[in-house]
Amino acid sequence: MEKQSNGKPSGTTLFTRRKALGTLAVLAASLESVVPVKAGVQPARAAEFTENDPYGRIASGGLSPNDITQVYPGIWKIHFGGPSEAVTPLAFRTAGADRAAIGALPEVSAIPLDIAAMSWTVSARGVSLQMPMTTEEHIYGLGLDTEIFDMTGRRAICCPSDQPQDKMNYSHAPVPFYVSSRGYGVFVDTARYAWIYTGNVAPVADSSETASPAPAKAVLSARELYQPRTLTRKTMMIDVHPSRGVDIYIFGGPTLRAAVQRYNLFSGGGAVPPLWGLGVHFRSASQMPAEHILALAQRIRRERMPFTIWGLEPGWQSHTYPCSFVWNKKNFPNPDKFIQEMKGMHYHMNLWEHAFTSSVSPMFKKLKPWSGNYLVWGGLVPDFASPQTRKIWIDHHERIMFSKGVDGVKLDECDNQPYRAHPWSFPEASVFPSGLDGELMHSLFGALYQQTMMEPLTRRNLRTWGLVRDTYALAAPLPYMVYSDSYDLGCYLRGVCKQGFCGLLWDPEVRQASSVEDLYRRTQLVIFSPMAVVDCWYMNLPPWLQVNRAKSNAGQLMSDHQTVTQVVRKLLELRMSLIPYLYAAFNEYRLTGMPPIRAMVMDWPQDPKTRAIDDQFMFGPAIMVAPLLTGQSTRRVYLPHGTWYDFSTHQQYKGGRWLTISRPSEEVPMFVKSDTLLPLARPVEYITPETCFDVTVHVFGESPEPITLYEDDGMTYDFQKGKQNRIAITWAQGHGKVQKSGAYGGPVRYKITAFQQA
Ligand code: GAL
């Protein structure tokens, strides 16, 4: 499963009804070399319980050399227990692994974990496995639970949910991949809701070491009673049920960041946005009719607010919960004309939808045999794992969206609500024509939906950049950002720090605000998101005209809206000036697997002070952002070793210490690492195929590292066939040099107009 030679994703692994599981088993096996089932382990059936086993285990054991295969440089597959299930994330991967890029990472010659200390058990519940951990080890990742940063010492359940503020690891992206501060990563290839115990369970075999002395005094508070115990030995335990066997993949580092890079390249490499995708995105009120949208879009252009993407929320459809996938003629009497007018104003169009299909939809009849056996909100649940469903879906969407020039989508409601008083979405016991059950489908639903919806654009050789509310493992090549209804700024920020641990892009957005200061602080986070979104789905006015939702819907402008508009414009322009730098970071994401936005611990894993930092992050190779939250006038920032510069004032700071900083509400604290060449563009208002950025290169430090900008058409996949230029920028002895190489011959993207020393 390598990438195709044209570099496009290798196409999705699909399978047909009835033959489904058989086909999948073959596909899964063909991915890499076949791993023999461990000798002595039979496919488990209840009858195989041995009378003699005191625990009622069906089978258990350690690993033999046959269980271990090196699949790529520094990546090992290990098989635990009986036969694995056929339906796994790998069987549905979006793209093949990038072997050449994996090979270019630092060499790791041996499995970074002690194989002799690994074991497994198969019981009637399923398979569980144990792997060694050290007591000082920290675990990160497992998706986008925005409450918890350091995942050590927890039971993390990889179950999709629409509530990412959760302590159980339920989230919009519950990914069974983690990395360790010891510099390795582990991916559990399962679409079951894996339960991952990150060093808080004690096997009986460790009993002598973990026996704690009797407490000196009586414990009289529940808090003390249940506080986490310090274990003298730690074990990672992974419980996958009801599977009888499971494959895991171990990714060598040698650093935490290199382990993540290896995982991202194994997933197919990071997605590269179209250039327009990095521009700012506005979403108008759900039921706003076309004529009002056009007027607002014109106003935004008049006010020079730099927006490139326009999103339509549910009101473009005639029915939405469930969806008809038919234009609402009352709001949009002439959709083609409307889209052309918006495009004439240089907006790229993004349309909202969710998958649950109404009986009034023209797709309903055709889809019925290719859907799950339970409805959601009265709508069919399409089986995106079957090619028939995908065909029906794509043909219809071609007609209503893509042939009209829609460039992207927002795929809503594809997560789940598993545990509130009124859960919604399809039950885990659902069955689908492809052979998936509801649990497997929940895990894979978002990823399959994304694959389906990018296909019509990929076929046109067009990149896309969209939004999705659920994703899963191996997601790096998927050009969709995960968003949420949750709106806590601190949790948004933690998600920004966490996204890089598991090949995901997370997207805080601005909606209403509790005050003007709150609006500024929220905007200051959004401009550092992979897609910068202002989402007015429940507000008539943009938040820079009115932050309050009720007043916005009553059409009342804030008295200071002109000042607020100016401040917000300046912040959005800051985003626009970072586009060449960010585009380069995304190209590196594809080529090296390096996440464009990262937690501090990823770049400084040896510095213990970075281990718990969940409120400042690296943006691209050299910028560190330390946002202030609403109500904060000061905060502590950690500057790792080296020299740092304040982005705005260029004041120098010595690193290796904490700093207390303050900033007015209009400003976001940003620092630049020394020895950096930072390209900053004169902000443009929107991005077109002809856009050329005027770039000034800011020189920080005496001997800055060279940087590369990537120049291509910004829209198609031709860059993967070599139609891309590299613009190498260097600085030596007080002079800057710019060298271009490559086979792209289209419109010039960057004019390097000046070098400026900080
Ligand atoms: C929500 C979604 C919002 C908005 C809304 C429209 O579920 O998260 O962003 O699109 O649906 O109904």
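Author: Buried means under 20% relative accessible area, exposed means over 50%, and partly exposed is in between (1.4 Å probe, protein chains only). What you have here is a predicted model: local features need pLDDT of at least 70, side-chain atom pairs count only at pLDDT 80 or more, and totals for chains, interfaces and linings use all residues. Residues are numbered from 1 along each chain as its sequence is written, and side-chain values use heavy atoms, leaving out hydrogens and water.

Reader: Okay, let me try that on a helix. How many residues of helix 14 are buried?

Author: Helices are DSSP runs of H or I with at least four residues, strands are E runs of at least two, and both are numbered from the N terminus. Helix 14 covers residues 561-577, and twelve of its 17 residues are buried, so call this helix mostly covered. Among the buried ones are His561, Val564, Thr565, Val567 and Val568. Further along you'll find Leu571, Leu572, Leu574 and Met576 on that list, and Arg569, Arg575 and Ser577 are buried too.

Reader: Now the core. Which residues have the most contacts inside the largest nonpolar core?

Author: A nonpolar core is a set of buried Ala, Val, Leu, Ile, Met, Phe, Trp, Tyr and Cys residues joined through side-chain atoms within 4.5 Å. In this model the largest one has 188 residues, and Phe266 and Trp310 have the most contacts inside it. Helix 10 (residues 438-459) gives this core its largest share, ten residues. There's also a second, separate core of 35 residues, which includes Leu129, Tyr178, Ile196 and Met236.

Reader: What does Trp310 touch?

Author: Contact means heavy atoms within 4.5 Å. Leaving aside residues up to four places away in sequence, Trp310 touches Phe282, Ser284, Ile293, Leu296, Ala297 and Ile300. Trp310 also touches Met342, Tyr347, His348, Met349 and Asn350.

Reader: What about a polar residue, say Gln450: buried or exposed?

Author: Gln450 lies in helix 10 and is buried, with a relative accessible area of 1%. Not counting residues up to four places away in sequence, Gln450 touches Leu411, Val468, Asp470, Thr471, Leu478 and Tyr480. Take Asp603 as another case: you'll find it in helix 16 (residues 600-603). Because its relative accessible area is 17%, Asp603 counts as buried. With the residues up to four places away set aside, Asp603 touches Arg257, Arg598 and Met618.

Reader: Let's turn to the backbone. Where is a cis peptide bond?

Author: Most peptide bonds are trans, and most residues other than glycine have a negative phi. In this model, a cis bond joins Gly253 and Pro254, with omega about 15°. Pro254 sits in the loop between strand 12 (245-252) and helix 5. Another cis bond runs from Tyr321 to Pro322, and its omega is near 10°. Look for Pro322 in the loop between strand 14 (307-312) and helix 7.

Reader: And phi: which residue other than glycine has a positive value?

Author: Trp377 is one of them, with phi near 50°. Trp377 is in the loop between helix 8 (364-367) and helix 9 (387-400), and is partly exposed, with a relative accessible area of 33%. Leu142 isn't a glycine either, yet has a positive phi of about 65°. Its place is in the loop between strand 6 (139-141) and strand 7 (155-157).

Reader: Is Leu142 buried or exposed?

Author: Leu142 has a relative accessible area of 0%, so this residue is buried.

Technical notes: Expected span 1.5 Å × (residues − 1).
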